[in-house]
Each structure stands twice: as structure tokens, then as C-alpha cells.
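Good morning, and thank you for coming. I should like to take you through one model, beginning with its annotated spans and ending at the contact between its chains.

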Amino acid sequence: MAASGSGGSRADNGYGSQQQQQPRRRKGPGALATAYLVIYNVVMTAGWLVIAVGLVRAYLAKGSYHNLYYSIEKPLKFFQTGALLEILHCAFGIVPSSVVLTAFQVMSRVFLTWAVTHSVKEVQTEDSVLLFVVAWTITEIIRYSFYTFSLLNHLPYLIKWARYTLFIVLYPMGVSGELLTIYAALPFVRQSGLYSISLPNKYNFSFDYYTFLILVMISYIPIFPQLYFHMLHQRRKVLSHTEEHKKSE
Amino acid sequence: FVSYQVEILDWKTKKQLCFLDKVEANATIREIRLMFHKLYPRWYPARQSIKLDPKGKSLRDEEILQHLPVGTTATLYFKDLGPQIGWTTVFLIEYTGPLFIYFLFYFRMPFVYGLDERFTSSPHPVVNLACICHSFHYIKRLIETLFVHRFSHGTMPLRNIVKNCLYYWGFAAWLAYYINHPLYTPPSYGKKQINFAVIMFLLCEAGNFSIHVALSDLRRNGSKTRKIPYPTKNPFTWLFFFVSCPNYTYEVGTWISFTIMTQCVPVGLFTLLCFIQMTIWAKDKHCTYLREFKDYPSLRMPIIPFLL
């Protein structure tokens, strides 16, 4: 292939033509996009609150924390899948995050929701499912309300603190729940040959879902610590910055 | 006759790394790089990024000191680009890998399909044909790297070679595994499908080669400046009427034909990834052409005529 793509940097940072028209340094979301994002984040906050309430009610009704998945199955699927929109938000530039990073995070959640928990019915009764659902629920309620308040320029310190602190417990909790669930699904995938195709076939392709799940589990080893320490680093930056602001007032 | 003084600062720390006295006004950046290299032997010229502004673009070797917006005491900034490797070296390593890796599978080395199948051969003629085509493709690429391509950049960062090799070698192994597998299934439409694919393959390879030669001829006198490529007498180059990067168009065509020939999903996936990557490169190139040349032909699209 010809001599292109040597990791090129863009000298005009992608905003070239607009620099001449507007003296602003950064193109943020317009008023319409902001309104849409506020609605989106409010709806998502509400959705995960519904899941939280659903879990509590089911727990109180059943008297035990086993098999609570079934009471929140539909809203969980709906709102977690809805997060796919966030990839489009980045792609259209109304949210300043990286498309690749966001896609990766959302897809991993959607994968666990549909390709593991939904597809392998036998794991739906596992307690590990509750572990990650609770972690996700608390995390998402805080995250979406954080975005809502940020967009409205009225971010209570409590929400900011919660977002950058609770992850310390919630993140390992969620990861544990996810790994245990995938692990529990393995024997059933092996037995049923779920999502697997073997040779010979006219597509000359083979795929072993069992091996794939094991590789997914292994991939947590390099990925999780990096994300975790990144969040810790962000925490130090964000929370100490606010402290300085408070001191100077 | 004025002589300049040049101080070179580290782009991040702004620490003075060197001070060059009595530099000629018509000295080129290449000469300044050589002087800097003498003082810092481990920073050979290819890994020096010399710029006017700490966050700016690297100055080209051909730039002349007195033509730069600097006073008689010029301040330049240095950034270490890390270990570099020549483009030719990179391509040779990237392309030799798939060539030999495919053979490991074609000849069914014992560790590939198990001891029972070792050194056996496939009953399907298309498997032999696929090996010939795949090998032909990479041998052609090696020949082009050695004799045809003229690279505008001399080097790329060393870490790129690990990433690139993993990609090329990995995919070569993955698709070779299925094509040469004892349980391989030949194409559904038999000889018709295979013959069509072979013809398409040969046409695209010829086309790709023609474009590479045409592009190389633009730089025949060793110049590094960009020129607009135009169609020549060779009919394969007439694609230049419609696209900026017909070499990529033909390349995608080659891989599509290989997919049809082998009817193998991994080959199809590789083709898709190639298409995506080359579309990105083509769009970049196309934008560069549009920016540099006011009279750039308006009919041309980056990679697919009229569409993309």
C-alpha cells in the first residue's frame, strides 16, 4: 500500500474552515443540541431510577435478593441499549468525547446485557448478575445526573464528588459481577454450541463462542487497571481543582 | 554577508540544547540537523523534529534559514520523534511476512492442522490458485517497494512496525488457515466463480501496478514536491479521471476478487478492513490535493467514482 497514514497529525485540528468565521476557540454544542442532550440525560437518569426502584421493590416483595433480574429485565435492556446513542453524540461532535472510547465502553455493556445475560438463560438466576446490575444502576444514575447538571451549568458538588468517588467501589464491584457472570455462562455455551459455527461450511469460517468469552475475560486484565487508574487520576485533578476554587472564595 | 546564530530549545522544557554560531544565511534545515546530530549523536537527523513554534509542524529539510520568519538570532524548537525506521525497510518486513506465513499453511506444516494432515495437499485446484495469487500479490508489492515507490517521508516511528506487522501477519495467518484447511469448501458457483475472480484479480493487479508506476514517474527527477497525477496512454490510468487514489481503488478490487475466488469470510473481513483504511487514506490525500491545487479536477472523488 502506498506511503500514507504515518499517524498524521492535523495541523488545523479539524476546525480549519470555521476558524475564520467564529473567533471562538472550541465549537461546543449549539442551543438545540444542548436542549436535546439535557432531555436525553434526564430520560436516562429517570430510566435507571426506575431500575433502582424496581430492584428495591422486588427485594422487599420477595424477601430475598436472589433472582431479581426478572423484575428489571425489560427496563435494563431498554435503557442500556439506548446508551448506543451516546456513540452518535460523539460522532456528531455534540459531546466532546472520543468516539472510539465511548463505543468501546457502550458496546461492552451491551455485549454483557444481550450476548451473555439475555442469551444464556441459565445465568439469569446467578447472584453475580445482581452484582453488576446494582453497580451499573448506581453508576449510571450519578453519571447521567452529572451530565444533566453540567449542561445546565448548575453542578452540585455532591454529584461531582459522587461521580468521582463512588467508582472506587462500584467499578471493581461491576467488573466482578461481569466476570463471574461470563464464567457462569461458559459451560452452557460449550454444551449448546451457542453462536458457534464449525467447519466444513460454505463460508469457510469457524467461530467458537466459548473461546471468545474466555478471551473477553482475559482482556479485562490489561483493560480494567488502566481505566481504573485513569479515573483515579481524573479524581485527583477534578476534586483538588474544586478545593482550590473554594479556598480562593 | 550576514551570518546567523541559531539556538535550539527543547520544545517542552524550553531548555537550551545547543547554540550554533556563525551559521550561513542560506543554510538549509538539513544542514542544521546534521550540526545538531554532531552534538547529540543519538538524535540522528530522521528523529529530529525542528520547528519554529513548540507546538507547530516540523520544518522540512529543504527550508532555508534566511527565508524563515526569524531574526539573525533564530530560536528553533526540537522534539525527539523516537527511534525511526525507513519506509522501505518497513514495507519489506510487512510484506515478506504474509508471503512466508501463507506457505506454512499451504504446505500444511505439522503444527498447523495436526500431525495426521501434515504435508498433505488439497484436492481442490482453487486452493493452489489462491496460493499463487496471494504470493503474486505480495511479491509484486515487494518489487514495487524496491524499484517503484518513491517515498516523500524517509522514516516512520519504530513502534509502528510492531502494530503494522501484527495486523498484516495476523490476518495472513488467519485467512491462510481457512483457505488451506482440510475441510475447506470450494466456491458455490464453481469454475464460473473462480474464473471471474481470476480475471478481476489480474485486471486489478495490473491496474494497481500501472498507477504506482504513474505516481512514481511524477517524481522521476528525485523531487519531493507534490504534483497532480493525470491519466496517461495506459488505459488502467484512466481511472484518474474519476478518482484521486485509483491505486487504492484497484487494491480493494484485488481483495474483493480474492474473496470471490476463495469464498471465505475471513478474507471478506480483511477486505472490509482494507477498504475502510484505504478510504480514510484516500480522503486525506484528496483533501490535501484540494488544498494545494486550485485547479484540481472537480469530477474526482477520493476512492470510488462518483460515490466516495
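When I speak of helix and strand, I mean DSSP runs, with at least four residues for a helix and at least two for a strand. Please keep in mind that this is a predicted model.

In chain A, residues 81-108 are 68% helix and 0% strand, and the end C-alpha atoms of that span lie 11 Å apart. For residues 164-189 of chain A, the end C-alpha atoms are 37 Å apart, with 96% helix and 0% strand. Both spans are among those that an unreviewed UniProt entry lists for chain A as "transmembrane region".

UniProt, again in an unreviewed entry, gives that label to spans of chain B, including residues 85-107 and 166-184. The first of these is 87% helix and 9% strand, with its end C-alpha atoms 33 Å apart. Residues 166-184 of chain B are 74% helix and 0% strand, and their end C-alpha atoms are separated by 25 Å.

A word on confidence. Chain A has an average pLDDT of 86, and 86% of its residues score at least 70. Residues 1-25 of chain A, however, fall below 50. Where pLDDT is low, the predicted coordinates should not be read in detail.

I turn now to the interface. Here 25 residues of chain B contact 15 residues of chain A. About 1900 Å² is buried between the two chains, 62% of it from carbon and sulfur atoms. B:Y178, B:L183 and B:W281 together supply 25% of the area that chain B buries against chain A. The rule finds zero salt bridges across this interface, but six residue pairs in polar contact.

Key
Residues are numbered from 1 along each chain as its sequence is written. Chains are lettered from A and ligands numbered from 1 in the order in which they are written. This is a predicted model: local features need pLDDT of at least 70, side-chain atom pairs count only at pLDDT 80 or more; totals for chains, interfaces and linings use all residues. Side-chain values use heavy atoms; hydrogens and water are left out. UniProt positions are given in the numbering used here, feature names are shortened, and annotations may be inferred rather than shown by experiment. pLDDT is the predictor's confidence in each residue, from 0 to 100. Contact means heavy atoms within 4.5 Å. Buried area is the accessible area (1.4 Å probe) that two parts lose on being put together, summed over both. A salt bridge is a side-chain nitrogen of Lys or Arg within 4 Å of a carboxyl oxygen of Asp or Glu. A polar contact is a pair of N or O atoms within 3.5 Å; within protein, one must be able to donate a hydrogen and the other to accept it, and residues adjacent in sequence count only if both atoms are side-chain atoms.
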